[in-house]
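Here are my notes on the model you asked me to look over. They are set out as numbered points, so that each can be checked against the coordinates in turn.

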Amino acid sequence: MAPAVKVYGWAVSPFVARPLLCLEEAGVDYELVPMSRAAGDHRQPDFLARNPFGQVPVLEDGDLTLFESRAIARHVLRKHKPELLGCGSPEAEAMVDVWLEVEAHQYNPAVSAIVVQCIILPLLGGARDQAVVDENVAKLKKVLEVYEARLSASRYLAGDDISLADLSHFPFTRYLMETEYAPLVAELPHVNAWWEGLKARPAARKVTELMPPDLGLGKKAEE
């Protein structure tokens, strides 16, 4: 029998990797439906019927169709592993929400800009804009200083237990650590220990196998 859960997208995308990581953490059987970015599969009518914005990922869970990676991640964990959302107390859930917002609005804009400039643009034949890199490295450094302080007092961002707040950082950080700016993480002892723990998780190791450092672009594969 085919899995009830289907994910549409290319796994090298950090946005697709986020829900894949949650599905793996929750032990959910799923199908990753192959798509071709180069062929424009995400702009075809059948895909636009699933996500009118034409972006990956899309998740189908029975009759439910969802898009937006963080919303998909929350749904998967709410249904299959709610402890990763802090379920159990309003206070724990609130802390997970806080650090998910930090990831989305403080961490992600800076780290994604660095990854785009340092990895994706060169692989596509473009040239990095070092001014953009420098600006976002400075921003990320300040954010990580806050993380270092937080993680010196707490094992994970939202508390003593791992949560989606931590897992949501994995996809873009996986690529950041392939750039010359990996020391931003590695030189902060508590942040580095947190990252080493995240990437060592079985679910993260499995998803990493789908995320080559060159995003497959070096072999003219799909982004």
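The points below deal with the annotated domains, the strand pairing, the cysteines and one loop residue.

1. Please keep in mind throughout that this is a predicted model. The UniProt record, an unreviewed entry, lists residues 3–84 as "domain: GST N-terminal", and it lists residues 89–215 as "domain: GST C-terminal".

2. The secondary structure of the two annotated spans can be set out one after the other. Residues 3–84 are 35% helix and 20% strand, with the C-alpha atoms at the ends of the span 23 Å apart. Residues 89–215 are 72% helix and 0% strand, and here the end C-alpha atoms lie 39 Å apart.

3. Strand β1, which covers residues 5–8, is joined by four bridges to strand β2, residues 30–33, and the two strands run parallel. Between them the chain passes through helix α1, residues 14–26, and the β-α-β crossover that results is right-handed. Strand β1 is also joined by four bridges to strand β3, residues 58–61, but in this pairing the strands run antiparallel.

4. Val7 is a useful residue at which to inspect both pairings, since it stands opposite Leu32 in β2 and also stands opposite Leu59 in β3.

5. How many disulfides does a search of the whole structure find? The search finds zero, and Cys22 may serve as an example, for its nearest cysteine sulfur, that of Cys87, is 13 Å away. A disulfide is a covalent bond between the sulfur atoms of two cysteines. The cut-off applied here is 2.5 Å between the sulfur atoms, and because the sulfur of Cys87 is 13 Å from the closest cysteine sulfur, in Cys22, it is too far away for a bond.

6. The surroundings of these two cysteines should be described separately. Cys22 has a relative accessible area of 0% and is therefore classed as buried, the limit being under 20%. Cys87, with a relative accessible area of 37%, is partly exposed, because this value falls between the limits of 20% and 50%.

7. Is Asp63 buried or exposed? Asp63 lies in the loop between β3 and β4, the latter being residues 64–67, and with a relative accessible area of 85% Asp63 is exposed, because the limit for that class is over 50%. Asp63 and Ala4 are separated by 59 residues in sequence, while their C-alpha atoms are 9.3 Å apart in space.

Conventions: Residues numbered from 1 in each chain as written. Predicted model: local features only at pLDDT ≥ 70, side-chain atom pairs only at ≥ 80, totals over all residues. Heavy atoms only, no water. Pairing = 2+ DSSP bridges. Right-handed = clockwise from strand over helix to strand, strands pointing away. UniProt positions renumbered as here; feature names shortened; annotations may be inferred. Buried < 20%, exposed > 50% of the residue type's maximum accessible area, 1.4 Å probe, protein only.
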